[in-house]
Amino acid sequence: IAKHDNLYRYVHNGNSTLLLACELEFGDIHNIGLRYEGFGLEVKENDDTHDLSVGDRIIEVDGNDVLKLIANQWEVMQNEMTFPCKIVFMRMKESLSENKYKFDNSDV
């Protein structure tokens, strides 16, 4: 989502949003990093051991909202995490046409 857009506009304009959850172990944290905007977290790498995909937006880590998390806060959070940590993430899917969506089998 670009800085000038908001979630409502993105979803309203024909996209689908999925909220998913999984648990990550210590060795999986390297797959997550700060977004290019400098705040918030996203999946940077995918090792095929979870339902995560590159570009998934992390919403919550162990009950903590991370949408506006900045670099130094992420460093502190990583040091204080207990594993497995529980994450909630958001995945956007663009629609192919009205009422038809492209979903991977893993989304069903």
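From the N terminus on, this protein runs α-β-β-β-β-β-α-β-β, which adds up to two helices and seven strands. Keep in mind that we're looking at a predicted model.

A few whole-protein figures to set the scene: 30% of the 108 residues count as buried. The protein exposes about 7200 Å², and 50% of that comes from carbon and sulfur atoms. As for contacts with a separation of 6 or more, 59% of them involve residues 24 or more positions apart.

Now let's zoom in on lysine 44. You'll find lysine 44 in the loop between β3 (41-43) and β4 (57-61). Is lysine 44 partly exposed or buried? It counts as partly exposed, because its relative accessibility is 37%, between the 20% and 50% cut-offs.

What does lysine 44 touch, leaving aside residues up to four places away in sequence? The list is Asn31, Ile32, Gly33, Leu34, Arg35, Tyr36 and Val54. Leucine 34 also turns up among the polar partners of the lysine 44 side chain, through its backbone oxygen. The side chain of glutamate 42 makes a polar contact with the lysine 44 side chain too.

Here are those two pairs with their distances:

| Lysine 44 part | Partner | Distance |
|---|---|---|
| Side chain, polar atom | Leucine 34, backbone oxygen | 2.8 Å |
| Side chain | Glutamate 42, side chain | 3.0 Å |

One more spacing to note is the one to arginine 57: 13 residues separate lysine 44 and arginine 57 in sequence, and their C-alpha atoms are 9.8 Å apart in space.

Note on methods: Residues are numbered from 1 along each chain as its sequence is written. This is a predicted model: local features need pLDDT of at least 70, side-chain atom pairs count only at pLDDT 80 or more; totals for chains, interfaces and linings use all residues. Side-chain values use heavy atoms; hydrogens and water are left out. Helices (H or I, at least four residues) and strands (E, at least two) are DSSP runs, numbered from the N terminus. Buried means under 20% relative accessible area, exposed over 50%, partly exposed in between (1.4 Å probe, protein chains only). Contact means heavy atoms within 4.5 Å. A polar contact is a pair of N or O atoms within 3.5 Å; within protein, one must be able to donate a hydrogen and the other to accept it, and residues adjacent in sequence count only if both atoms are side-chain atoms. Accessible areas come from the Shrake-Rupley method with a 1.4 Å probe; for residues, only the protein chains shown count as cover.
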